[in-house]
Each structure stands twice: as structure tokens, then as C-alpha cells.
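Trainee: I should like to learn how charged pairs and surface patches are read from a model. Could we work through one together?

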Amino acid sequence: MLKLADVLERVNSLIGNTLCWAALAMMLLQFVIVLLRYVFGYSYIFLDEGVLYFHAALFMLGAGYTFLVNAHVRVDIFYAKCTERTQAWIDLFGHLFLLTPALIVLIWFSWPYVRGSWAILEGPISVGGIPASYLLKSLIPAYCVLLLIQGVAAFIRNIAKLRGARA
């Protein structure tokens with residue numbers, strides 16, 4: 001089972017490492033926008049939307065990687081003082097009864113919205129913007145799937161901890 005967890009984690013690891021380059025691209029794009037606007041007096045809406053698309057992709061696709069490297073926000077008033085075994089039980093509860101149901105509900109309610117956007121190949125957010133809002137909206141289910149993948153991997157590792165195996 002731990003090999004399955006390794007494979008699942010590789011998905012988010014690959015995406016997280018790729019997103020590092022997307023962050024650099026977003027920063028460079030923002031630099032170009034500022035340079036064009038304040039030095040040359042030009043402004044392009046599609047470039048501004050490009051930053052928005054990069055930003056959305058970084059956060060939505062990077063959530064699974066953030067979970068993988070345990071850099072997510074955790075309110076651990078009591079959790080930090082618990083034993084590793086108790087932490088594994090708390091994590092199992094959270095994965096089964098909080099994370100998974102929330103993500104399934106989010107997929108359920110966002111899917112018609114995303115499907116409709118793809119059906120009409122929804123255009124730009126603003127006039128002159130990037131004509132691919134459907135791609136932006138597709139980040140919602142992608143976010144859910146990547147977090148679910150990481151949740152399953154973490155679930156497997158917590159089961160292994162409880163069984164005494166090295167996770």
C-alpha cells in the first residue's frame with residue numbers, strides 16, 4: 001500500500017515542481033505588464049488576465065503539493081502535543097469526515113458550471129482578455145482531484161503508522 005501512496009504523491013510532487021516555474025513565469029509577466037504600462041504607456045487586458053490565470057493555477061493546482069509537504073495551514077492547539085499515533089487518528093478522521101466530503105461536494109456543485117463553460121467554450125472575462133474562461137473554471141475540479149489524491153496518500157500513510165509500519 002505504501003507503494004501506492006508513493007505513486008499518488010509523485011503526481012502532486014511533479015505538479016508542485018512544475019508550478020515553481022509557473023510562479024517565475026507569472027512574476028516575469030507581471031514585470032512586463034508594469035514595464036509596458038509605466039514606461040511605454042501600453043496596457044493589454046489579456047496580459048493582466050494572464051497573471052490572474054497563473055495566480056489561480058498556482059493556488060488551485062498547488063494545494064495538493066502544499067498538503068504533500070505539510071505546509072498547509074493547521075490549527076494545532078492540541079494536535080502538536082499529541083503522540084504520533086493520536087495525530088494519525090486525528091488525520092484519519094479529518095480525511096474521512098472533513099476533507100473528502102467537502103471536496104466531493106465542491107466537485108458535485110462545480111461540475112455543471114465547468115461543463116457548461118466547456119460546452120460553449122466560454123470566452124474572456126473582460127473584453128480583450130484571454131478567450132478561455134473554461135480553462136480557468138476547470139481548475140476547480142482539478143483542485144479537488146489533486147487534494148483527493150493527496151488525501152488518499154496521506155490516509156494510506158496514517159494507516160501504516162497505526163499498524164506500526166514505517167510511513
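**Reading salt bridges and a nonpolar patch**

Mentor: Let us begin with one pair: Arg 37 and Asp 48 join their side chains in a salt bridge, with 3.1 Å from N to O. The partners belong to distant parts of the chain, Arg 37 to helix H1 and Asp 48 to helix H2 (residues 45–68), 11 residues apart. Please keep in mind that this is a predicted model.

Trainee: What is the general idea behind such a pair?

Mentor: Side chains of opposite charge can pair when their charged atoms come close. In this structure there are 4 salt bridges.

Trainee: Are Arg 37 and Asp 48 buried or partly exposed?

Mentor: Arg 37 is partly exposed, at a relative accessible area of 32%. Asp 48 also counts as partly exposed, with 30% relative accessibility.

Trainee: Which residue forms a salt bridge with Asp 6?

Mentor: The partner of Asp 6 is Arg 157, and their closest N and O atoms are 2.4 Å apart. This pair links distant parts of the chain, for Asp 6 lies in helix H1 and Arg 157 in helix H4 (residues 133–162), 151 residues apart. Asp 6 and Arg 157 also belong to a network of salt bridges that includes Glu 9.

Trainee: How should the accessibility of Asp 6 and Arg 157 be read?

Mentor: The cut-off for a buried residue is under 20% relative accessible area. Arg 157 has 15% relative accessibility and therefore counts as buried, whereas Asp 6, with a relative accessible area of 34%, is partly exposed.

Trainee: Which parts does the pair of Lys 137 and Glu 122 tie together?

Mentor: Lys 137 and Glu 122 form a salt bridge whose closest N and O atoms are 2.4 Å apart. Lys 137 is in helix H4 and Glu 122 is in the loop between helix H3 (84–119) and H4, so the pair ties together parts that are 15 residues apart in sequence. Lys 137 is buried, at a relative accessible area of 14%, while Glu 122 is partly exposed, at 24%.

Trainee: Let us turn to the nonpolar patch. Which residues form this patch on the surface?

Mentor: The patch is formed by Phe 31, Val 32, Leu 35, Val 39, Phe 40, Tyr 42, Tyr 44 and Phe 46, which together have about 800 Å² of accessible area.

Trainee: Which helix gives the most to the nonpolar patch?

Mentor: Helix H1 (residues 2–40) does, with 5 residues. Val 32 lies in helix H1 and is partly exposed, its relative accessible area being 36%.

Methods. Residues are numbered from 1 along each chain as its sequence is written. This is a predicted model: local features need pLDDT of at least 70, side-chain atom pairs count only at pLDDT 80 or more; totals for chains, interfaces and linings use all residues. Side-chain values use heavy atoms; hydrogens and water are left out. Patches are made of residues with over 30% relative accessible area and no salt bridge: like charges are joined within 9 Å, nonpolar side chains (Val, Leu, Ile, Met, Phe, Trp, Tyr) within 5 Å. Accessible areas come from the Shrake-Rupley method with a 1.4 Å probe; for residues, only the protein chains shown count as cover. Helices (H or I, at least four residues) and strands (E, at least two) are DSSP runs, numbered from the N terminus. Buried means under 20% relative accessible area, exposed over 50%, partly exposed in between (1.4 Å probe, protein chains only).
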